[in-house]
Amino acid sequence: MRVASQTLARPGEVADAPALAAIEERVSPSPWSEQQFLSACAGEHSRERVLVVDSSRQIQGFVIYSQVLDEASIHNIAVDPDAQGNGLGELLLSTALAQLRDCGTRRCFLEMRVSNEAAHGLYRKLGFQADGLRKDYYPAACGREDAVLMSLVLSEQE
């Protein structure tokens, strides 16, 4: 099953923070706190943006990203396990990347757990390239886990 063509990502709101934290709790071995989501949705960090996708006002996924000058970073992206496999992660990330292109962003960066094969496939599908490795970056059940550093050129220098 794929995302319905009318499904759109919308800006995150302060009221979304508990639902975002609940999704994060279900998918992440080291989840963000509800306060971190509240801060992001409230716009406490002026360059941080939150997009969510929902159905019948039940949030199914989110992406949090920021832009500084002509560079951007994806800070967090997750889809509720019950809604995974329907293209929501791709919808969220594609929407964020389109907004960044519209703002003149030239390059987007992210890091991901080396074990997260689904994320790696999504990022490769959207054109991200691996740039390096950050050793022992993430907490893991048995110690630490490396992060793969990735980037995507959104527009070439003029």
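**Exercise 1. Charges.** State how far apart the mean positions of the positive and negative charges of the protein are.

Solution. Step 1: choose the charged groups, with Lys and Arg positive and Asp and Glu negative, while His and the chain ends are not counted. Step 2: place each charge at NZ of Lys, CZ of Arg, CG of Asp or CD of Glu. Step 3: take the mean position of the 15 positive charges and that of the 22 negative charges; the two means are 3 Å apart.

The conventions for this and the other exercises are as follows. The model is predicted, with pLDDT of at least 70 required for local features and 80 or more for side-chain atom pairs, whereas totals for chains, interfaces and linings use all residues. Residues are numbered from 1 along each chain as its sequence is written, and side-chain values use heavy atoms, with hydrogens and water left out.

**Exercise 2. Overall fold.** List the secondary structure elements of the protein in sequence order, and compare its radius of gyration with the globule rule.

Solution. Step 1: take helices (H or I, at least four residues) and strands (E, at least two) as DSSP runs, numbered from the N terminus. Step 2: count four helices and seven strands. Step 3: along the sequence they follow β-α-α-β-β-β-α-β-α-β-β. Step 4: the radius of gyration, taken over C-alpha atoms, is set against a globule rule of 2.2 Å times the number of residues to the power 0.38. The protein has a value of 15 Å, close to the 15 Å that the rule gives for 158 residues, so it is as compact as a globular protein of that length. Step 5: along the principal axes, the C-alpha atoms fill a box of roughly 45 × 40 × 35 Å.

**Exercise 3. Burial and contacts.** Give the share of residues that count as buried and the share of contacts made by residues 24 or more positions apart.

Solution. Step 1: a residue is buried under 20% relative accessible area, exposed over 50% and partly exposed in between (1.4 Å probe, protein chains only). Of the 158 residues, 41% are buried. Step 2: a contact means heavy atoms within 4.5 Å. Among contacts with a separation of 6 or more, 61% come from residues 24 or more positions apart.

**Exercise 4. The sheet.** Find the order of the strands in the sheet and name its edge strands.

Solution. Step 1: two strands pair if DSSP finds at least two bridges between them. Step 2: the seven strands give an open sheet with mixed pairing, in the order β1-β2-β3-β4-β5-β7-β6. Step 3: β1 (10-11) and β6 each pair on one side only, which makes them the edge strands. Step 4: at the β1 edge, two bridges join β1 to β2 (residues 48-55) in antiparallel fashion, and R10 faces V52 of β2. Step 5: at the other edge, β6 (residues 129-140) pairs antiparallel with β7 over eight bridges. A130 is opposite M150 of β7, and A140 is opposite G143. A hairpin of two residues connects β6 to β7. Step 6: β7 (residues 143-153) also pairs with β5 (residues 107-113), antiparallel over seven bridges; in that pairing C108 has L152 as its bridge partner.

**Exercise 5. Positive phi.** Describe the settings of L69 and D136, and classify each as buried or exposed.

Solution. Step 1: L69 is not a glycine, yet its phi is about 55 degrees. L69 sits in the loop between β3 (58-68) and β4 (71-79) and is exposed at 74% relative accessible area. Step 2: D136, also not a glycine, has a phi of about 50 degrees. D136 belongs to strand β6 and is partly exposed at 46%.

**Exercise 6. Around C103.** Locate C103 and name the residues it contacts beyond its neighbours within four places in sequence.

Solution. Step 1: C103 is in the loop between α3 and β5. Step 2: its relative accessible area is 42%, so C103 counts as partly exposed. Step 3: with the neighbours within four places left aside, C103 contacts R49 and Q67. Step 4: D70 lies 33 residues from C103 along the chain, and their C-alpha atoms are separated by 8.4 Å.
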